[in-house]
Amino acid sequence: ALEKGTSSLIRHVENMSKFGVPTVVVLNKFTSDTDEELALVKALLTKAGAFDVVVSRHWAEGGAGAVDAANALLRCTQAVPSQFKFLYPNEMPLAGKIERICKDIYGADGCEFLGTTAADLKDFEEGGFGNFPI
């Protein structure tokens with residue numbers, strides 16, 4: 001059950017890598033969490049591409065419980081330069097940008113623009129807003 005429950009979090013890690021951004025995952029450690037459960041989640045997220053996965057107890061220990069998280073973020077920023085990129089070329093029409101996000105991030109088969117949406121997007125482009133990020 002725990003493995004199935006991490007699918008959304010794994011997807012987030014995978015999505016971040018699509019943007020060229022290294023990911024540090026911070027897991028809240030609650031009293032009911034076992035070391036085995038945390039180890040499994042850490043292993044799955046590391047396999048998915050997370051730079052680091054750390055356990056935090058800040059909810060119980062205040063700032064002292066978040067030191068490992070802060071150190072992991074420092075290690076990440078010092079070891080891996082961000083290679084941020086959008087999922088689409090800036091020149092792509094707005095409808096194409098939206099469809100790319102729907103497919104690549106949310107796993108959609110496609111994207112349907114209802115009502116006046118397609119015309120509204122064209123108006124934005126004609127108004128000079130076509131190169132804005134989505």
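At what angle do the axes of α6 and helix α7 cross, and within what distance do they come? In this predicted model, the two axes come within 9 Å and cross at roughly 120°. That angle falls outside the 65 to 115 range for roughly perpendicular and is not over 145, so α6 and α7 are oblique to each other. Below is a quick tour of that helix pair, the salt bridges and three buried residues.

**How α6 meets α7**

- Helix α6 covers residues 94–106, while helix α7 takes in residues 117–129.
- On the α6 side, L94, A95 and I98 make the contact; on the α7 side, the work is done by L121, F124, E125 and F129.
- Sorted by class, that contact has six nonpolar residues, one charged residue and no polar ones.
- E125, one of the α7 residues in this contact, turns up again below, both in a salt bridge with K122 and in the story of K97.

**Salt bridges**

- How many salt bridges are there by this rule? The count comes to three.
- R75 and D52 pair up through their side chains, with 2.6 Å from N to O. This pair ties together distant parts of the chain: R75 sits in helix α5 (residues 67–79) and D52 in strand β2 (residues 52–56), 23 residues apart.
- The two partners differ in how covered they are: R75 is partly exposed at a relative accessible area of 41%, whereas D52 is buried at 18%, because the cut-off for buried is under 20%.
- E99 and K103 form a salt bridge too, at 3.4 Å from N to O. Both are in helix α6, four residues apart, or about one turn of the helix.
- E99 has a relative accessibility of 28% and counts as partly exposed; K103 is also partly exposed, with 37%.
- E125 and K122 make a salt bridge at 3.7 Å, N to O. They are three residues apart in helix α7, so about one helical turn separates them.
- E125 is partly exposed, with a relative accessible area of 23%.

**K97: a buried lysine without a partner**

- Is K97 in helix α6 buried or exposed? K97 is buried, yet has no salt bridge.
- The nearest side chain of opposite charge belongs to E125, 7.3 Å away. A salt bridge needs the nitrogen and the carboxyl oxygen within 4 Å, so this pair doesn't qualify.
- Setting aside neighbours within four places in sequence, K97 is in contact with Y88, P89, N90 and M92, and also with G130, N131, F132 and I134.

**T23 and N15: two more buried residues**

- T23 lies in the loop between α2 (7–18) and β1 (24–28).
- With a relative accessible area of 11%, T23 is buried.
- Leaving out close sequence neighbours (within four places), T23 is in contact with V13, M16, A50, F51 and D52. The last of these, D52, is the salt-bridge partner of R75.
- T23 and S82 are 59 residues apart along the chain, and their C-alpha atoms are separated by 9.9 Å.
- N15 is found in helix α2 and is buried, at 8% relative accessibility.
- Which residues does N15 contact, once neighbours within four places in sequence are left aside? They are D104 and I105.

Key
Residues numbered from 1 in each chain as written. Predicted model: local features only at pLDDT ≥ 70, side-chain atom pairs only at ≥ 80, totals over all residues. Heavy atoms only, no water. Buried < 20%, exposed > 50% of the residue type's maximum accessible area, 1.4 Å probe, protein only. Lys, Arg positive; Asp, Glu negative; His and termini not counted. Contact = heavy atoms within 4.5 Å. Axes fitted to C-alpha atoms, helices over the stretch in contact; angles between N-to-C directions. Parallel < 35°, antiparallel > 145°, perpendicular 65-115°, else oblique. Nonpolar A, V, L, I, M, F, W, Y, C, P; charged D, E, K, R; others polar.
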